[in-house]
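Work through the exercises below with the sequence and the coordinates at hand. Each task is followed by a solution in steps.

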Amino acid sequence: MKIAERPDEPGILIHLQEYCSMQNAKDSFYMALRTRLVIINPERTILLRGTVRPGILVEEAEAPFSPLPSDVFVLRWLGLGVDVDLASTMAAEECEILYQTCGTQSFGGLDRGRGLSAMDEELVAMLQPFYTPKLNYIATPPATMLTNVFWDEPALTPVVSQRDHLCRSAKVMVYSYQEQGE
């Protein structure tokens, strides 16, 4: 399976995005993680545009922000690839999940290591099991599709210290068979 480079980098296969769409798979992956996070830690939330939401968001679906919000999981979609040598076309897209914490005020930030460890555990728990039904979220209620979305185990990066924040990311390859009309 070939993974295309990011659109802002040279060498991308332009026809690849026209050929297959991962939107239903990306939406299903996000909603599965969001639903699982609410069960794992209902207190991990974010106030965004006046609404309290679960503490996970998709970077491309939100207004630009700098720096990344603390104590929230941010999904960033990277490269897209496709394998047409199978009975059904399979697409894959790499998802980077970024998160950071500066600890809590009550401990003066000295608990940021514990905070990051808690987020590590939540991330690993959200990703299990490594599949979810594929849904079409354009319909209301979402329409169940014929296949599942599935993904690999996360590859976590080393912890990075940036000023008062501890940061980490994890990369996950998300797979989906293309269905009629995608």
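Helices here are DSSP runs of H or I with at least four residues, strands are runs of E with at least two, and both are numbered from the N terminus. The model is a predicted one.

**Exercise 1. Secondary structure and burial**

Task: State how many helices and strands the protein chain has, give their order, and describe the burial of the chain.

Solution. Step 1: counting the elements gives 3 helices and 11 strands. Step 2: read from the N terminus, their order is β-α-α-β-β-β-β-β-α-β-β-β-β-β. Step 3: a residue is buried when its relative accessible area is under 20%; by this cut-off, 43% of the 182 residues in the protein chain are buried. Step 4: the accessible surface amounts to about 10,400 Å², and carbon and sulfur atoms hold 54% of it. Step 5: take the contacts between residues at least 6 apart in sequence; 58% of them link residues at least 24 apart.

**Exercise 2. The nonpolar cores**

Task: Find which residues touch the most other members of the largest nonpolar core, and which elements give two or more residues to this core.

Solution. Step 1: the largest nonpolar core has 27 residues, and those touching the most other members are Phe 29, Phe 73, Leu 75, Ile 97 and Val 174. Step 2: two or more residues come from each of helix 2 (23-40), strand 4 (56-58), strand 5 (73-83), strand 6 (90-101), helix 3 (112-126), strand 8 (143-151) and strand 11 (165-177). Step 3: the most is given by helix 2, with 5 residues. Step 4: for Phe 29, set aside the neighbours within four places in sequence; the contacts of Phe 29 are then Leu 75, Trp 77, Cys 95, Leu 127, Thr 132, Trp 151, Val 172 and Val 174. Step 5: another core, of 5 residues, lies apart from the largest one, and its members include Ile 46, Leu 48, Leu 57 and Val 72.

**Exercise 3. A helix pair**

Task: Classify the packing of helix 2 against helix 3 from the angle between them.

Solution. Step 1: the angle is about 125 degrees, and the axes lie 9 Å apart. Step 2: angles of 65 to 115 degrees count as roughly perpendicular and those over 145 as roughly antiparallel. Step 3: the two helices, helix 2 and helix 3, are therefore oblique to each other. Step 4: the crossing of helix 2 past helix 3 is right-handed. Step 5: on helix 2 the contact involves Leu 33, Arg 36, Leu 37 and Ile 40, and on helix 3 Glu 122, Ala 125 and Met 126.

**Exercise 4. Backbone details in loops**

Task: Locate the cis peptide bonds that lead into Pro 67 and Pro 141, then the positive phi values of Asp 71 and Arg 163.

Solution. Step 1: the bond from Ser 66 to Pro 67 is cis, its omega being near -5 degrees, and Pro 67 sits in the loop between strand 4 and strand 5. Step 2: the bond from Thr 140 to Pro 141 is cis, with omega near -5 degrees; Pro 141 belongs to the loop between strand 7 (131-136) and strand 8. Step 3: Asp 71, a residue other than glycine, has a positive phi near 60 degrees. Asp 71 lies in the loop between strand 4 and strand 5, and a relative accessible area of 27% makes Asp 71 partly exposed. Step 4: Arg 163, also not a glycine, has a positive phi near 55 degrees. Arg 163 lies in the loop between strand 10 (160-162) and strand 11; with a relative accessible area of 83%, Arg 163 is exposed.

Methods: Residues numbered from 1 in each chain as written. Predicted model: local features only at pLDDT ≥ 70, side-chain atom pairs only at ≥ 80, totals over all residues. Heavy atoms only, no water. Core = buried A, V, L, I, M, F, W, Y, C linked by side-chain atoms within 4.5 Å. Buried < 20%, exposed > 50% of the residue type's maximum accessible area, 1.4 Å probe, protein only. Contact = heavy atoms within 4.5 Å. Areas by Shrake-Rupley, 256 points an atom, 1.4 Å probe, with all protein chains shown as cover. Axes fitted to C-alpha atoms, helices over the stretch in contact; angles between N-to-C directions. Parallel < 35°, antiparallel > 145°, perpendicular 65-115°, else oblique. Left-handed = near helix turned anticlockwise from the far one by under 90°.
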